[in-house]
Amino acid sequence: MELICLGHFVLSHNPEVWILGELMLNCSWGGVGGDSIHRIHPALECHSLVVSLSSFLLRFNYRSTHHLTSNGFYEFLNWFDERAWYPLGRIVGGTVYPGLMVTAGLIHYVLNLLHMTVHIRDVCVFLAPIFSGLTAISTFLLTRELWNQGAGLLAACFIAIVPGYISRSVAGSFDNEGIAIFALQFTYYLWVKSVKTGSVFWTIGCCLSYFYMVSAWGGYVFIINLIPLHVFVLLLMQRYSRRVYIAYSTFYIVGLVLSMQIPFVGFQPIRTSEHMAAAGVFALLQAYAFLQYLKDRLTKQEFQTLFFLGVSLAAGVVFLTVIYLTYTGKFSLSLMRYLCPPPRYAKIHIPIIASVSEHQPTTWVSFFFDLHILVCTFPAGLWFCIKNINDERVFVALYAISAVYFAGVMVRLMLTLTPVVCMLSAIAFSSVFEHYLGDDQKKDKEGLGPNIKSIVTMLMLMLLMMFAVHCTWVTSNAYSSPSVVLASYNHDGSRNILDDFREAYYWLRQNTDEHARVMSWWDYGYQIAGMANRTTLVDNNTWNNSHIALVGKAMSSNESAAYQIMQSLDVDYVLIIFGGVIGYSGDDINKFLWMVRIAEGEHPKDIRESDYFTPQGEFRVDKAGSPTLLNCLMYKMSYYRFGEMQLDFRTPPGFDRTRNAEIGNKDIKFKHLEEAFTSEHWLVRIYKVKNEGSSRTSSFLRKARS
Amino acid sequence: MSRTLICFAVSCWALLFTAGLLCTQTAEGSLVNEEVKRTVDLSTHLAKITTEVLLSNPGRSTVNSFVVALEPELAPHVLRPFPTHITQAERQLVVFQGNHYLYSPYLTTSQTTRVRLASKNVESYTKLGNPSKSDEIIEFGPFQDIPPFSQDPMKIHYENNSPFLTISSITRTIEVSHWGNIAVEETIDLRHTGAFLKGPFSRYDYQRQSDSGISSIKSFKTILPASAQDVYYRDEIGNISTSHLLVLEDAVEVEVRPRFPLFGGWKTHYIIGYNLPSYEYLYTLGDQYALKMRLVDHVYDDQVIDHLTVKIILPEGARNIHLDTPYQIDREPDQLHYTYLDTFGRPVLVATKSNLVEQHIQDVVIHYTFNKILMLQEPLLVVGAFYIMFFTVIIYVRLDFSITKDPAAEVRMKVASITEQVLTLVNKRLGLYRHMNDVVNRYKQSRDTGALNGGRKTMEAEHRTLTNDISSLQARLKVEGSDLADKVAEVQKLDSQVKELVCRSCQEAERLVAGKVKKEAYIENEKSLASKRQELINRIDSLLDAL
């Protein structure tokens, strides 16, 4: 197993990391993508630019871990971050899953107790690779329980290199999912073990693992629905046994109590609809067990009468209770946000969710890109499991089917599919190898000749080899470059590093007032808070849609209207991303329509999306573009003085490389803003809001008060 | 009358000559500055004043000391930007305020002052004694017979676009390891102390016009010791990717480029660190050690440091620490530093000093004693830790910590161990038969009846003990209630048949040797016996496999 962990570790660090040495190591921990590309690119292209919502979270996770280690656990739970969501602030302690931070903090604490002076940053950087090693081990254990040792080893090998999981476990990916997949697999292992043995010991272990999962990731809802589903299906299949009864009853009660200890979860497990399935199955299981008990004692006739009476009574009670609770508002039929946000619904009603590329439905290309050959072989494994069904194989079948559904709903949930695909593919490969590499002494019943055997084996090995090559390629190309640093390659193959993001953030950190408030689109909120250490208005924790809409409105209004909004929000600096000089497609102009849409959602009178299109319905930045667009704040800030700039002799001055157009408004003058800083390649532009009003000390608060 | 030529320099940024240099033996009036040549170099952000004095002693008594005085109001940062705020396109003008005369406790007979500026553009300058100006040079004087402690304000307002880079604070940490490495890390706060940038910063102008932001700082060179290795240059948010490293013969040059160009009033912060081999800096004699390192090192040419903190971390167990400094520094209370495998902490010397310039780059010597035995402490600690770990594992594996007893498992284990023993014994017994076979074959050739009988006897004896052992094990299996006992009994039964066959083949051989049977008949017979025996042995083997 060490080998596998090691292998993962080495792969997680692609060769380039070492080539660039310190550089990458240090910036990989800040692996924060500058581009959440809202436009739906083909997934392949997206991946090469590293699109992930959670990569923005890294900064925040690191910051809160830092807060945890320097101020202690209780202070962390009570942390009110006044530097985010100005002027509202944000209660951090109660609104995060603390598992990740506590894990990193604990490791850091123990190491420092032993006088290992490891910086918390280094702990954070290496946490994901370490946990991916643990994931490989738990995948091995789980597959061994399901099939046999050989399949377990193959599954561990697969999960160690599969791109779908590497994306979350490269060094520097300090993310909830990094540790959550380990917790998920381990919980499932312990669950299978408990169902097999019916021992309370294993079930308590399962509950503890579940507790860790709850503390780490919102995806715990997956567990609390899958395990009841498993039990329910076992009941339907007449596979009820005392083992299942012991395992589920213990798991439900202890798991429920433990999960409610996490502040962010609180009373949700007994209130929201996504936890109700577990409660229902629990009740059902008790009833079933009771009936089983009665069955032994009653005659058939008596039993039947009692059964019908009992069932109708129970159904009525449950129905009335749900009606009552929903009516009194104690219980909300909320959507299963994490597991199945219906994309169509979200796209229409919540543009902010739809605007994140990770919430887009998964494309076929992405399945292949993330899983390669495994996506083709795992149905075979599933078939093997169903053919030789037993209690735990029911579980893995359900796991596979539900995970496939969720992965289809949204790219981000590809992550939950990956482990089960690895396990089932391993089972498929293992069975095939067992069959074709079997002992020669045993007589072949089907009469397979040695030639067929060796050809099949060779083919299988070829597939596995190609899989390994693909994984290495993806890891080194798509998932390893720290996205806060962009790299371009010259004709001679030498590498140019565009470090504009950090240049600008560091400028903010060093050369603006400590309490300066920086307005930017929410994508960059965590980055600004983390790297520039300045107060932000909105960030990646998109909890307040109207506040984001206000920022969107400021960006899409003309300068004077925007100035009023900015004054009311006490904005000192405005930060935007502009890729027109280097041809970077993830910039703010490309995201601009989302800002307009989100603003329109809250302020339909002032902002209308149609104003930003040409009469032909095109979004253009050149002369033909709509005048509203050409005079809005975002446009002006992006293209200020860009009209004078001639990048190339073949193109006219003011030629935008990203959108391949000569800009339409070259004469941009500001009244209320001034350029404060522009990074070397113009990627980040920061404007200072001129302070004209004599007293503007938190006018927003004054307004709010009056 | 004797004359001496004395030359000294004052960098006006910092007071190089401290009060300690002023001799107690003041002999005012006894000396005369006969000819003074002052050179004021204002071409950088530092004012460097060099004074050449031809000293004469008109008195009769010998004078063995000479006093250098400095203006009481002399302070750091004598070059002040004026105007204090400029736009990006403007040039930086600075004002120098100084003294026309040499500030000296002695009478000066004749003096000239030559001022070197950074550029031809001079706004204004004091016109004492009708100075002559040519290009970048203004010459004052000669002034005659100046009384002691004369002061006359000199003021020059001129263009100086050289970057006004100041290190507002630097913390230099030197960590000594007796395993051969010295790690140096400098945490530096930089500030552009020239005229503040007024209004916007335009990247467009900065890129397209060569004279835009002319006084800003893009990069500078830091010279590190030639043996410096593993150089890193970073800040709080990671590695700074804009640096270049050049390894020269006598130094390592780092081109330090801050993340962004520094304009007036802007600041930045970074960390630069490297490793040095200790044999170049650490001297030892027995238990005595001496570390000779620069107290402060080069950061950029004509550097100015407002505040310096030096931390020297010595190995754990260093005692009798004594510091030899080239100039006075302020010691702060020692600290303890804990890092890998430390138990009682490493001593840390902390020293601070304000206002330093390039001339302060000098060696400091730290003497201390260190018992070499202590070098073994850390490896032993690791060995001990591993020892404890393995020992715990050994204990854990050997002992039973379960809180419940599982009788079935216990019986199973007992039976397994008994079967194991049975297996070895049975195999041994089968070995005996093979050996007997050899003996018989040998007997057929040598016809030595004694050897045959001896062999038979030993076989019989050993066979008996083995069979008895197996029987006792069989009894134990029965006690445990295992059904394996029956199988063992069967094995025993088969074995007695085998034994019989072996004895018969033995007798047959005897008869053959005695000539009682014909050779062909014997071979036939022997064949059937052997095949019977093989069959029995196979059955025993299959039974053993089942065990």
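**Exercise 1. Determine which residue just after H28(A) takes a positive phi, and describe how that helix is covered.**

Solution. Start at the end of the helix: just after H28(A), where helices are DSSP runs of H or I with at least four residues, numbered from the N terminus, A:Asp570 takes a positive phi of about 60°. The model is predicted, so that local features need pLDDT of at least 70 and side-chain atom pairs count only at pLDDT 80 or more, while totals for chains, interfaces and linings use all residues. Residues are numbered from 1 along each chain as its sequence is written, chains are lettered from A and ligands numbered from 1 in the order in which they are written, and side-chain values use heavy atoms, with hydrogens and water left out.

Next, take the helix itself, which covers residues 559–568 of chain A and has seven of its 10 residues buried, where buried means under 20% relative accessible area, exposed over 50% and partly exposed in between, with a 1.4 Å probe and protein chains only. The buried residues are A:Glu559, A:Ala562, A:Tyr563, A:Ile565, A:Met566, A:Gln567 and A:Ser568.

Finally, consult the record: an unreviewed UniProt entry lists residues 518–574 of chain A as "domain: STT3/PglB/AglB core", with positions in the numbering used here, shortened feature names, and annotations that may be inferred rather than shown by experiment. The end C-alpha atoms of residues 518–574 of chain A lie 6 Å apart, and the span is 53% helix and 11% strand, strands being DSSP runs of E with at least two residues.

**Exercise 2. Decide whether chain B is a compact globule or more spread out.**

Solution. Begin with the secondary structure of chain B, which comes to six helices and 27 strands. Then compare radii: the radius of gyration of chain B is 49 Å, well over the 24 Å that the globule rule gives for 547 residues, so chain B is more spread out than a compact globule. The radius is taken over C-alpha atoms, and the rule is 2.2 Å times the number of residues to the power 0.38. Along the principal axes, the C-alpha atoms of chain B fill a box of roughly 150 × 65 × 55 Å. Of the 547 residues of chain B, 45% count as buried.

**Exercise 3. Establish whether B:Gly194 is buried or exposed, and name its contacts.**

Solution. Locate B:Gly194 in the loop between strand S13 (181–192) and strand S14 (196–197) of chain B. With a relative accessible area of 1%, B:Gly194 is buried. Leaving aside neighbours within four places in sequence, B:Gly194 is in contact (heavy atoms within 4.5 Å) with B:Pro81, B:Gln92, B:Phe164 and B:Gly264.

**Exercise 4. Compare the accessibility of A:Asn660 with that of B:Asp302.**

Solution. Phi of A:Asn660 is near 50°, a positive value in a residue other than glycine, and phi of B:Asp302 is near 55°. A:Asn660 lies in the loop between strands S8 (655–656) and S9 (661–662) of chain A, whereas B:Asp302 lies in the loop between strands S22 (288–294) and S23 (304–313) of chain B. On accessibility, A:Asn660 counts as exposed at 57%, while B:Asp302 is buried at 15%.

**Exercise 5. Identify the peptide bond that is cis before A:Pro87 and the one before B:Pro83.**

Solution. In chain A, the bond from A:Tyr86 to A:Pro87 is cis, with omega near -5°. In chain B, the bond from B:Phe82 to B:Pro83 is cis, with omega near 5°.
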